Amino acid sequence: MPDDNRDQAGRPSPDALLEKARAETRGRLKIFLGAAPGVGKTYEMLLSGRAKIADGLDVVIGVVETHGRKETEALVAGFEIIPRVEIDYKGRALEEMDLDGILSRRPDLVLVDELAHSNAEGSRHPKRYLDVKELLDRGIDVYTTLNIQHVESLNDVVSQITRIRVRETVPDSIIDIADDVEIIDLTPDDLIKRLHDGKVYMPRTAERALTHYFTPGNLTALRELALRKTAQRVDDQLLTHMQAHAISGPWAAGERVLVSVDHHPRSASLVRYAARMASRLRAPWAAVYIETNRSINLSEAERDTVAATLRLAEQLGGEAITLPGREVAEELVRHASANNVTHIVIGAPKKPTWRDWWNRSVTDELIRKTGEISVHVISGTEKDGTTARGVKAAATAPPLDFRAYLLATVYVAIALGVGVVLDQVLDVRNLALVFLMAVLTSAVLHGLRPALYSCFLGALSFNFFFLPPRYTLTISDPESVLALFFFLGVAIIASNLTATVQRQAAAARQRARTTEDLYLFSKKLAGTGTLDDVLWATAFQLASMLKVRVVLLMPEEGSIAVKAGYPPDDTLDDADIAAARWAWEHNHAAGRGADTLPGAKRLYVPLRTGRTAVGVIGLDSDRRDGPLLTPEQQRLLDALADQAALAIERVQLVADVDRARLAAEADRLRSALLTSISHDLKTPLAAILGAAGTLRDYFVSMAEEDRSDLLATVVDESERLNRFIANLLDMTKIESGAMEPNHALHYAGDIAGTALRRAAKILEHHRTEMHIPADLPMVRVDPVLFEQVIFNLLDNAAKYAPEGSVIDIGGWVDADSVVLQVVDEGPGIPPADLNRVFDIFYRVRKGDQVRAGTGLGLSICRGFIEAMGGTITAGNRTGRPGAVFTIRLPKPTDIPKLDEL
């Protein structure tokens, strides 16, 4: 952050000292940063921990993931390890770092691996980096590891490089608060060799990683990102150190570019030159405008030039800064020294050489004062200036305020009355001070012109009523002539200074109000999540701040249509639609007051971002002719439009990401559906065709037993095909939202018994047991849907459980829920699949002896149970293999008593 404290020259920066004080009250954080997994971050962290133990520090391991690497496991030995805490997540025990255990142990240093890790639900913090922040706040030092792809600001860049979107990220602020960042670097060839040697992943995983992620190009790009991020952090630390110790820069450890801009059109060419220089140097840069006392007298066109130049700097990737100051050169040098700037770009002086005799140019002063900072003097060209706005501005000349001149006359009259009274006791020359007070009062309350009017009116009154000969405009005494002359001079200078201060104060108040309104608007936009909210907030803010009527238009089906407005009942005629479409297509203003289509009722201004136009703003007012906005209002419109365009783009990008995710999910489901249909329809059809063909060709010669077997095959495969089609139809109902359960109170044991009888053929090679008590409360379900759920669970158990094993159906009451459970004695569900078994078309990998499924049965179970207001979860048996599916249904509160039935 730039240091703008002008009055602290030669003193440490308060902000830097405050940050240093904060760092001393919390624990120290060291991040071992790597370009990719396997470079040795955990290994190096453990080595550093051992070194701290040798130095006598109390070091413990909070969490370290060895991933089966023998070298890492060997280093872990000898450390005190805080046992992890178990958290139950959907029937599965997950281990997480014991934050409370570490806090109660209070070591000097704790080692925490994988900073970007997401904690299990039920943990105190959702992310591990929040655990680390709490440890730091308690004064405990932390060593941790992080891969560059987990840094939030680089997430899109990494995704573009690797084609893989990283879900677990860490905000950049964590790196900013780190006291040390150590880069753990390894060349791509060495890392790939470690993969081949099995030192990073298991062989099969390593083979996939080499194909998709660990390519030489990917690793080189990630390595560069890690090195640049570390260099940026070191540069920030250097700047903070210099500011905290009042060290005057530059220290040219890293390049920084600063360009000075003013109201001349050539400033745009200077900004472009600075942007090109910063790009070549790969350095941060900023455009600075110094607002001096003379800035208050700039014309509206010159103010427009300054605003457009600063906007151009932001569009080109620089930082736009406006600083108040007395002298441009002095302020530039102060700012450059405080922020370690190494290059200053400034325009060549344009004034005649002879004027340098008594007033040196800003460029000459800057060259004399910069010391070690390089100054680039660029001629620049006015024809390369900022692009013309293309919109005429409304007149800004204030109307003649006769009331101000009348009041100025009253002030002089009062001064005259006071002078008549004081004339009896004071020398006549001292009475001039009374009239001077009237002049200053006019300047403070009404501005320069009424003050000049009161100045001359006071001079005439002073001459006529008090200077001899009195009651004439003739002055006989030479000293009186001199007194009157100096009175006029002092009055004119004082009124000018007073009016200038008054204008500056008014401008400061207006700037403060505008800044507050812009801040509130940006805060409001940041809290909006939908496009309609953004558009409504934008329309309201524009209307309230610019005092105009507003419509907002967005692209729709190849054209542009009204999406919001304030007031909301505005309509557009054909000329306005044409002007809005032209503004959208050409990314330039059109309509009223513009160079293009000026006959339209409204002025249409495109909403632009760095990428493209995202919409169009239409403005109108009750004044039917002439330009709509003053130059100041046009600059305010630019600021509001920029914020609105960014907010609209943000919402659209979120929508694009959601659409891309849904499209990817649809493609995955389509692929799974085609795969499932190609297999699950073809297999039973092939069996039916084979059996039917054999019966047709060899029916007479076949034995009765063989004919029965073939007919049984036709029936079994037809039933299997019927179940598959029924599942597809049920899944279609669930996905379309057309599922409407017919709720009624039913005894779960009866429905489970019906499902068992229906699944008798599927379960003929298994033993089934049902433990549902007779007094189990009835549940409010759709009996057809609930029977299908039980049937699908039994079918699933029959697929995976070995022949002769037991499939058990149990039921009980748990608090306000009725619980039913289907338990088998199969191999169980792999832990990685527990959260995915209910996904549509997802199938757990099975052995060759297990019947193939469609991947729809469990998805249908979840859809049916949730439609009936319950939940279903998957888990594994404890102490022995087997899967457990648990259904929880709300216990009805309105069960009728027996005598009421």
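In the predicted model, helix α2 (residues 41-54) lies across five strands, namely β1, β2 (59-63), β6 (109-112), β7 (141-147) and β8, and runs at about 165° to β7. Helix α5 (residues 128-137) also packs on the sheet, where it touches β1, β2, β6 and β7. The direction of α5 makes about 175° with that of β6.

The sheet on which these helices lie is open and consists of six strands in the order β3-β2-β6-β7-β1-β8, with parallel pairing. Its edges are formed by β3 (80-81) and β8 (180-184), each of which pairs on one side only. In general, the strands of a sheet pair through backbone hydrogen bonds, in either a parallel or an antiparallel manner. At the β8 edge, strand β1 (residues 29-34) is joined to β8 by five bridges, and the two strands run parallel. Within this region, Lys30 stands opposite Asp180 of β8.

Two polar residues elsewhere in the chain were examined individually. Asn463 is located in helix α17, which spans residues 448-466. Its relative accessibility is 5%, and Asn463 therefore counts as buried, the cut-off being under 20%. When residues up to four places away in sequence are left out, Asn463 touches Thr472, Leu473, Thr474, Ile475 and Leu484.

Arg549 belongs to strand β14, which covers residues 549-556. With a relative accessible area of 17%, Arg549 falls under the 20% cut-off and is therefore classed as buried. The side chain of Arg549 reaches the backbone oxygen of Ser621 at a distance of 3.3 Å.

Confidence varies along the protein chain. The mean pLDDT is 79, and 80% of the residues reach 70 or more. The highest confidence is found in β6, at 94, whereas the lowest is found in helix α9 (residues 203-212), at a mean of 55. Strand β6 is also one of the strands of the six-stranded sheet described above.

Two stretches have pLDDT values that stay under 50. For residues 4-9, the model has eight contacts beyond four places in sequence. For residues 897-901, the model has one contact beyond four places in sequence. Where pLDDT is low, the predicted coordinates should not be read in detail.

Key. Residues are numbered from 1 along each chain as its sequence is written. Side-chain values use heavy atoms; hydrogens and water are left out. Helices (H or I, at least four residues) and strands (E, at least two) are DSSP runs, numbered from the N terminus. Buried means under 20% relative accessible area, exposed over 50%, partly exposed in between (1.4 Å probe, protein chains only). A polar contact is a pair of N or O atoms within 3.5 Å; within protein, one must be able to donate a hydrogen and the other to accept it, and residues adjacent in sequence count only if both atoms are side-chain atoms. Contact means heavy atoms within 4.5 Å. Two strands pair if DSSP finds at least two bridges between them. Axes are lines fitted to C-alpha atoms, for helices over the stretch in contact, and angles run from 0 to 180 degrees between N-to-C directions. pLDDT is the predictor's confidence in each residue, from 0 to 100.
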